[in-house]
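Subject: Structure for you to look at

Hello,

Here is the structure I said I would pass on. Please open it beside this message and follow along.

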Amino acid sequence: MTNLEQERWSRVKGRLKAEVGDDVYSSWFAGMDLEAVDKHTARLSVPTRFLKSWIQSHYVDRVLRCWQAESQGVERIELTVRTAAVKSPATKRSDNQPEPLREIKLERPNGAESRIGGGAPATVSSAHDMLGGSPLDPRLTFETFVLGRSNALTHAAARQVATARPGDLVMFNPLYIHAGVGLGKTHLLQAITWAGNAGGNRKVLYLTAERFMYGFVSALKNQNAIAYKEAMRNIDVLAIDDLQFLTGKNMQAEFCHTLNALIDAGRQVVIAADRPPADLEALDDRVRSRLAGGLVVEMGPLGEELRLEILKGRISAARQYHPGFEVPEGVVGYIARSITHNGRDLEGALNRLLALSKLTAQPVTLEVAEREVRDLIRPQEPRRVKIEDIQRIVARQYNVSRSDLLSSRRTANVVRPRQVAMYLAKTLTLRSLPEIGRRFGGRDHTTVLHAVRKIEHLLGNEPALADEIEALKRMLQDPN
Ligand code: ADP
Ligand code: MG
């Protein structure tokens, strides 16, 4: 397959994800691969027969449309099952599986249609609707949020924000929550929104960064930008999700104004992003420092116990709509043990089992579970390494201070560690050269490039340095 095809395929997947949402995507498409594109046919493979039949009957037109948006020539999607057919009894049985019922709605018992605007709980204030708040999922509340070691502090801060009364002193502003994908950021932000609006005396608005941008753009188009800004500044709590997607100079300026206006007026701002403020490269220094000026909290990976509790909660919620859905403890334990990444994949795994049990009336056995969720089990993802950690660990290792690393001193005992740290920042993070330069005392990107080249060169000639760097990498990547 050519690079071009691979790239196109990534864009198709991106479109699909944007259309169906992250949760649905990880339920059904996480394990879908491109095998080949012949003239008019895109050949895709999935790991199980069940996935094939589910996608075939529910999503194949969507997938085709996403293809056609990227490449006119494709007229057909062909789905195959990837693994060599295992002749287990279960596989045979699924040969005469009934055609899946299209009307069963599994992913969202209170589907998207009924979130906001439709049959949504009447408690969400009109502020959220009026300003075009992003859709809220009725399941993402504090009641369904499971507490564990990795999220206790963040949860407490979110609670505090949600229960504050109008006129209360704002304790942390902004509250800035960061964590990797699927670790509960959106859940907490929406929980704040539901809880905050429930009393009716506070206006809480939840927006994704994309929605925030869209709101401004359309207000500008309709020439009511001023009214929009006024309305925006009249809310009590503004929750902005996925801030890493905020782009463009104008948008930054608007965001910065809104942020400042709200904070100065004593209104609460809550932000979620996939990285700490210092790593939001697209934002300028003033915004970054304003963001870091409140409370910054991080949520770590979900521990096994937490995963188990989340699963149990999800299963009992599903059983309200599908009473026949029984998942033996052994299966729950298996999923909690093997899907270690994030809450989204846990949900994806359950959605598949639920669909399977509804449609085939098969009991959910360990064997079925192993087969159906296999492709969601991924190898341990490398830990997110932060530039701060690199600086701290390198400084400790070479017995210099962090400020030495950032300083302009050029003595040999600081130059080498500084170069090592920049090299590690380039190789272990996704940060750009200018960004790394900025984080190392405002250096130019050419200085960083020079350091990286220098260390690369030395690595070939100095085995001792290679060992040192290996050791540092291990320290940085070991979760403890
Ligand atoms: P993020 O926004 O950080 O990518 P989400 O908030 O969308 O992640 O969480 C992904 C899924 O995992 C959601 O279905 C969410 O309800 C679930 N989840 C994550 N953390 C928890 C938790 N502590 N308790 C209950 N569900 C959780
Ligand atoms: Mg999210």
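Below is what was found in it, starting with the ligand and then going through the two sheets and a few single residues.

Please keep in mind that this is a predicted model.

The ligand

There are 18 residues around ligand 1. Val146, Gly182, Thr186, His187 and Glu347 come nearest among them. Sorted by class, the shell consists of six nonpolar, eight polar and four charged residues.

Three polar distances can be checked on screen. A polar backbone atom of Val146 lies 2.8 Å from a nitrogen atom of ligand 1. The side chain of Arg314 has an N or O atom that is 2.8 Å from an oxygen atom of the ligand. For Glu347, an N or O atom of the side chain is 2.7 Å from an oxygen atom of ligand 1. On its own, ligand 1 would expose 550 Å², and the protein buries 96% of that area. Three elements each give two or more residues to the shell: α8 (185-198), α13 (304-321) and α15 (343-360).

The five-stranded sheet

Next, look for the open sheet of five strands. Its order is β5-β6-β7-β4-β8, and the pairing is parallel. Which strands stand at the edges? They are β5 (204-208) and β8 (295-298); each has a single partner strand, so one side of each has no neighbour in the sheet. From one strand to the next, the twist averages 15 degrees.

Strand β4 (residues 175-178) is a good place to see how the pairing works. Four bridges join β4 to β8, and the two run parallel. Four bridges also join β4 to β7 (residues 268-273), again in parallel. Ile177 shows both pairings: its bridge partner in β8 is Val297, and its bridge partner in β7 is Ala272. The residue after that in your view, His178, stands opposite Glu298 in β8.

Are the faces of β4 covered or open? Both are covered. Leu175 and Ile177 are buried on one side, and Tyr176 and His178 are buried on the other.

At the β5 edge, five bridges join β5 to β6 (residues 237-241), and these strands run parallel. Val204 stands opposite Val237 in β6. Although β5 is an edge strand, four of its five residues are buried, so the rest of the structure largely encloses it.

The three-stranded sheet

There is also an open sheet of three strands, in the order β1-β2-β3, with mixed pairing. Here β1 (33-38) and β3 (76-81) are at the edges; each has a single partner strand, so one side of each is left without a neighbour in the sheet. Neighbouring strands of this sheet are turned against each other by 25 degrees on average, direction ignored.

Strand β2 (residues 41-46) pairs with β3 in the parallel sense, over six bridges. One position to find is Leu44, whose bridge partner in β3 is Leu79.

Three single residues

Asp279 is in the loop between β7 and α12 (285-292). Its relative accessibility is 3%, and buried means under 20%, so Asp279 counts as buried. The side chains of Asp279 and Arg439 are joined by a polar contact of 2.4 Å.

Trp54 sits in helix α3 (residues 49-58). With 1% relative accessibility, Trp54 also counts as buried. Trp54 and Leu356 are 302 residues apart in sequence, but their C-alpha atoms are 9.1 Å apart in space.

Ala30 lies in the loop between α2 (22-28) and β1. Is Ala30 buried or partly exposed? At 37% relative accessibility, Ala30 counts as partly exposed. Ala30 and Asp345 are 315 residues apart in sequence, while the distance between their C-alpha atoms is 8.8 Å.

A way to go through it

If you want an order for viewing, three stops will do:

- Ligand 1, with Val146 and Glu347 among the residues that come nearest.
- Strand β4, at Ile177, whose bridge partner in β8 is Val297.
- The loop between β7 and α12, where Asp279 lies.

Regards

Notes. Residues numbered from 1 in each chain as written. Chains lettered and ligands numbered in written order. Predicted model: local features only at pLDDT ≥ 70, side-chain atom pairs only at ≥ 80, totals over all residues. Heavy atoms only, no water. Near = heavy atom within 4 Å. Polar contact = N/O pair within 3.5 Å; in protein donor to acceptor, adjacent residues only side chain to side chain. Areas by Shrake-Rupley, 256 points an atom, 1.4 Å probe, with all protein chains shown as cover. Nonpolar A, V, L, I, M, F, W, Y, C, P; charged D, E, K, R; others polar. Pairing = 2+ DSSP bridges. Axes fitted to C-alpha atoms, helices over the stretch in contact; angles between N-to-C directions. Buried < 20%, exposed > 50% of the residue type's maximum accessible area, 1.4 Å probe, protein only.
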